[in-house]
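User: Hi! I'm new to reading protein structures, and I'd like a close look at one part of this one. Could you walk me through a single helix and its surroundings?

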Amino acid sequence: MKDCNKSEEEDPFQPSAPISTGTLPRWARRHHHQHLPHHHHHTHTVEFDDNDASPSAPPLNLMDQVFGYESVSFDAVNVPPPEDPPPRSPGESGSPGPSGAGPSGDGEDAAAREAREAREAARGRWGTTLSEQEARTALLAHVKRHCCYGASAARNMAITALDHASALQYSLETFTERRETAWSFSPYLGEEVDGADNGPAPLPWQLEVHPSQPFTSEVKCQPVPHTSSVKQCHRCKGSGSTLCVDCHGKGWVHCISCHGNGYDTDASGYKERCFYCHSSIHGRGRQDCVKCSAKGKMTCPTCEGGGLLLCFIQLTVTWRVNVSEHIVDRMSVPEDLVRNVTGAIAFVEEGPRVLPIAHFPDETINMASAQLLRDHERDFSSQRILAQRHQVQVIPVTGATYKWKSSKGEFYVYGNEHKVYAPDYPQTCCCGCSIL
């Protein structure tokens, strides 16, 4: 659109499209300085109403063509990483085994050590038991947290049997990196433009961007070097201003006190100038528009009054910790409760890639490990897997069978925190109490 400030004599070069290079021509630099906030000037406002449908971004066909980014739009698009070489198997020379280390000095290989450590964990940690008094103490603490539970049942019930078991929690964490590209823009305020003249743009996965720390979710955004250019603002058509939405560009609104007459009439019929609009610069019956200070136009919020936009391709890098788990529970404690307590760590491993657990005493854990690793490899194939970590946590669970008066039932004490699950506690005074 032609700039109303420039005549044909002043500006013989009239572009038919926004500036398409990173270097501003002489006319564009002059246009930009005319719209900087600290310059006092008068311009014609583009007939553009914010109530009308306005484009949310510059036309895509006016964006520069950048090699390697031909399909980029203003919507973020995931860029799959280059294919990584497959992880080496434990049998290859110098490759770490399942526990993150090679053969030990005594000749024991990684698989044998894993099996031995798992057996030791099973003997030393799964055998944790809870006494009757400890179970009763845990139940009393549980009852105190429920206002409608009676404590006499917990104090006086006969605990007839204790059954000790363990819940197993296998968890797999996969730390992934996802890269997305999209066109973006910001107000151009005269800064240096890193355009194609500075060299070819690097591809998304060639840029060095690193997370602040491993296994922490994070997002970083940065412009892709050598993709910047300056365009005319799509919202104000380069004028730097838009029509005020309150007065529609007039600079005034009808006075609501005198209904546009300019005078107020009292009960006796006496007329006097309206107090609210008598000082308006637009005449009687009109109030100066407060929103635009009676100017009829507003600074364009998209270009901040400059009339120009700096357009560039933005790289968004997202690091995420993806967690999957499998719980093996031999008791009747809900998985959601087991998930929120701690136990003893029987196995843990971390590395760029981890291999499935193969020698844990509980075969269910071995199967779950293999399945979840396959799922993560499939689900995150369009991202780069930076690291993995998995562990097996042994959570102690004690089931207590009790008798109180004519009632019989069970409650469970689980986790290092001695949490209690009592689904059929016999002494409650209302049916609306939570039993968890």
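Analyst: Happy to! Let's begin where helix 6 starts: there, a side-chain oxygen of Asp362 comes to within 2.9 Å of the backbone nitrogen of Thr364. Keep in mind that this is a predicted model.

Now look along the helix. Helix 6 covers residues 363-379, which makes 17 residues, and at 1.5 Å a residue it should span 24 Å. Its end C-alpha atoms are indeed 24 Å apart, so the expected and modelled spans agree.

Which residues of helix 6 are buried? They are Ile365, Asn366, Ala368, Ser369, Ala370, Leu372, Leu373, Asp375 and His376. A general point helps when you read such a list: an α-helix has 3.6 residues a turn, so residues three or four places apart point the same way.

What do these buried residues of helix 6 pack against? Their partners are strand 2 (158-187), strand 11 (308-328) and strand 13 (384-404).

Two of those strands also belong together. Strand 2 and strand 11 pair in the antiparallel sense, over 20 bridges. One example is Pro187, whose bridge partner in strand 11 is Leu309.

Strand 11 has further pairings to follow. With strand 3 (residues 218-223), strand 11 forms an antiparallel pairing over six bridges, and Cys221 has Thr316 as its bridge partner in strand 11. Strand 4 (residues 229-232) pairs with strand 11 in the antiparallel sense too, over four bridges. There, Lys231 has Leu309 of strand 11 as its bridge partner.

Conventions. Residues numbered from 1 in each chain as written. Predicted model: local features only at pLDDT ≥ 70, side-chain atom pairs only at ≥ 80, totals over all residues. Heavy atoms only, no water. Helix = DSSP H or I, 4+ residues; strand = E, 2+ residues; numbered from the N terminus. Expected span 1.5 Å × (residues − 1). Buried < 20%, exposed > 50% of the residue type's maximum accessible area, 1.4 Å probe, protein only. Contact = heavy atoms within 4.5 Å. Polar contact = N/O pair within 3.5 Å; in protein donor to acceptor, adjacent residues only side chain to side chain. Pairing = 2+ DSSP bridges.
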